[in-house]
Amino acid sequence: MLALIPWLVAAALLSAVLLNILSRTSLAKHFADMPGHRKVHERVVPRLGGIGIVLSFLVLITTAQTFGFWDISHRFLLSVVFTSLFILVAGAFDDTLSLGYRSKFLLQFLLAGIVVCAFGLHFDKVSLFTADVSLGGLGMVVSIFWMVGLMNAINLIDGIDGLAGGVAVVGFAGVAALAFGAGDSDPVAVCALLSGAVLGFLYYNFQDRRKIFLGDTGSQFLGAMLALLTLEIHD
């Protein structure tokens, strides 16, 4: 796991640099969170955190795989990249156009359905005390709702600086520990990049003058990645 520390640091630095650049462009105006009577901030804050996290994660995971630093399984890599790109596009629409809850749920269930059905990531059993109970066909349904549920759970707690990002980092650390204990290196590597990218965002999220919010892109991405990783280590 020590070999992944440079990648975690690289993800944090790249995320911070990308967010610094994005916040200075006209893109920040389209992703602006305006102050209001239900908001605690008194100035316009860009919701670019998710874009910076997703882009830095995609750049580094494709670089590591392309140049042979890592050898992530083809199916897992495709599921991670597809999920990242899907949320990057869908989340950007949500952050700029404020999609209604019906459209948001539709996109979330579409993404979860593709991950579970097309990439074959789903729960097939649950452990109750000392017994394993097979879920059969119900496992795919449970997995879809699990992914949608985690996406909305992280989205709902994204109201206090550092809360959603901090919870996600703790979650990634837990998944990495479980995967490492099981000898599965792929989720550990992905968790390292995700944690680093989130730390780069948190640097700005805790500032006053240059604050950046996670946005729906970021909160849904973190929830989806946590769900996908738990499905992968279960599999």
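Trainee: Which residues line the largest cavity?

Mentor: In this predicted model, the lining of the largest cavity consists of Phe86, Ile87, Ala90, Gly91, Asp94, Leu99, Lys104, Leu107, Gln108, Leu111, Met151 and Gln220. H4 and H5 are the elements that give two or more residues to that lining, and H4 gives the most, with five residues.

Trainee: What makes this space a cavity, as opposed to a pocket?

Mentor: The term cavity applies because a 1.4 Å probe fits at its points but cannot get out, whereas a pocket is an open set. The volume of the largest cavity is about 100 Å³, and the whole structure holds two cavities of 30 Å³ or more.

Trainee: How do the residues lining the largest cavity divide into nonpolar, polar and charged?

Mentor: Seven are nonpolar, three polar and two charged. Gly counts as polar and Asp and Lys as charged, so Gly91 falls in the polar class and Asp94 and Lys104 in the charged class.

Trainee: Which residues line the second largest cavity, and how much space lies in it?

Mentor: The second largest cavity holds about 30 Å³ of space. Its lining is formed by Asp158, Ile160, Asp161, Gly162, Leu163, Ala164, Gly165, Phe201, Asn205 and Leu214. Helix H7 (163-181) and H8 each supply at least two of these residues, with H7 giving the most, three.

Trainee: Why is Asn152 called buried?

Mentor: Asn152 has a relative accessible area of 17%. Buried means under 20%, so Asn152 is classed as buried. This residue is found in helix H6 (residues 138-156).

Trainee: What makes the pairing of Asn152 and Gln108 a polar contact?

Mentor: The side chains of Asn152 and Gln108 are joined at 2.8 Å. The cut-off for a pair of N or O atoms is 3.5 Å, so the distance satisfies the criterion. Leaving aside neighbours within four places in sequence, Asn152 is in contact with Phe105 and Gln108.

Trainee: Why is Ser98 called exposed?

Mentor: Its relative accessible area is 53%, and exposed means over 50%, so Ser98 meets the criterion. Ser98 lies in the loop between helix H4 (74-97) and helix H5 (101-117), and has a positive phi of about 55° although it is not a glycine.

Trainee: How do you know that the span of helix H1 is close to the expected value?

Mentor: Helix H1 (residues 5-22) has 18 residues and reaches 26 Å from its first C-alpha to its last, close to the 26 Å expected at 1.5 Å a residue. Among its buried residues are Trp7, Ala11 and Leu19. The buried residues of H1 pack against helix H2 (27-30), helix H3 (49-66) and helix H8 (185-205).

Technical notes. Residues numbered from 1 in each chain as written. Predicted model: local features only at pLDDT ≥ 70, side-chain atom pairs only at ≥ 80, totals over all residues. Heavy atoms only, no water. Helix = DSSP H or I, 4+ residues; strand = E, 2+ residues; numbered from the N terminus. Buried < 20%, exposed > 50% of the residue type's maximum accessible area, 1.4 Å probe, protein only. Expected span 1.5 Å × (residues − 1). Contact = heavy atoms within 4.5 Å. Polar contact = N/O pair within 3.5 Å; in protein donor to acceptor, adjacent residues only side chain to side chain. 1 Å grid on protein atoms, 1.4 Å probe; cavity = no way out; pocket = protein on both sides within 12 Å on 5 of 7 lines; lining within 4 Å. Points joined across faces, edges and corners; volume = space filled by probe spheres on them.
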